[in-house]
Amino acid sequence: QVQLVESGGGLVQAGGSLRLSCAASGRTIGAYNMAWARQAPGKEREFVARISLSDSTTYYLDSVKGRFTIYRDNAKNTVYLQMNSLKPEDTAVYYCAAAPWIDSAKYSYWGQGTQVTVSS
């Protein structure tokens with residue numbers, strides 16, 4: 001089973017930047033679609049970014065387009081979320097997720113989450 005561990009969250013002022021990391025172990029992320037999702041207090045979890053098995057396709061939530069970038073380093077078995085121009089509404093717990101290639105529409109594996117807090 002692939003295990004995912006997020007890091008890089010913290011407290012940042014509006015307009016600042018953070019880079020979240022998701023380190024995978026057990027299996028190579030090259031066999032997975034990868035994603036970042038977030039959940040703010042009192043709100044449903046939402047996907048903010050996805051990247052395909054071969055980095056050929058990305059998806060971004062409309063509210064983060066132009067500010068967030070998802071990318072992977074398969075050699076390091078790590079996926080990243082670069083977050084720039086952060087806004088208070090970006091405050092949430094951010095989760096890394098993986099969907100196996102055999103069922104790439106289903107994100108079956110999740111990390112523990114890392115808190116991102118953006119102050120205004």
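Q: Is cysteine 96 buried or exposed in this predicted model?
A: Buried means under 20% relative accessible area. Cysteine 96 has a relative accessible area of 0%, so cysteine 96 is buried.

Q: Which residue does cysteine 96 join in a disulfide?
A: A search of the whole structure finds 1 disulfide. The two sulfur atoms of that pair lie 2.1 Å apart, and the partner of cysteine 96 is cysteine 22.

Q: How many residues apart along the chain are cysteine 22 and cysteine 96?
A: The disulfide joins these two cysteines. Cysteine 22 belongs to strand β3 (residues 18-25) and cysteine 96 to strand β9 (residues 92-100), so the pair links distant parts of the chain, with a separation of 74 residues.

Q: What is the handedness of the disulfide between cysteine 22 and cysteine 96?
A: Cysteine 22, like its partner, has a relative accessible area of 0% and is buried. The torsion about the S-S bond is about -80 degrees, so the disulfide is left-handed.

Q: Where is asparagine 77, a residue other than glycine with a positive phi?
A: Most residues other than glycine have a negative phi. Asparagine 77 has a phi near 55 degrees. Its relative accessible area is 14%, so asparagine 77 is buried. Its place is the loop between β7 and β8 (78-83).

Q: Is serine 85 buried or partly exposed?
A: Serine 85 is in the loop between β8 and β9, and its phi is positive, about 50 degrees. Buried requires under 20% relative accessible area, and exposed over 50%. At 40%, serine 85 is therefore partly exposed.

Key
Residues are numbered from 1 along each chain as its sequence is written. This is a predicted model: local features need pLDDT of at least 70, side-chain atom pairs count only at pLDDT 80 or more; totals for chains, interfaces and linings use all residues. Side-chain values use heavy atoms; hydrogens and water are left out. A disulfide is a pair of cysteine sulfur atoms within 2.5 Å. Helices (H or I, at least four residues) and strands (E, at least two) are DSSP runs, numbered from the N terminus. Buried means under 20% relative accessible area, exposed over 50%, partly exposed in between (1.4 Å probe, protein chains only).
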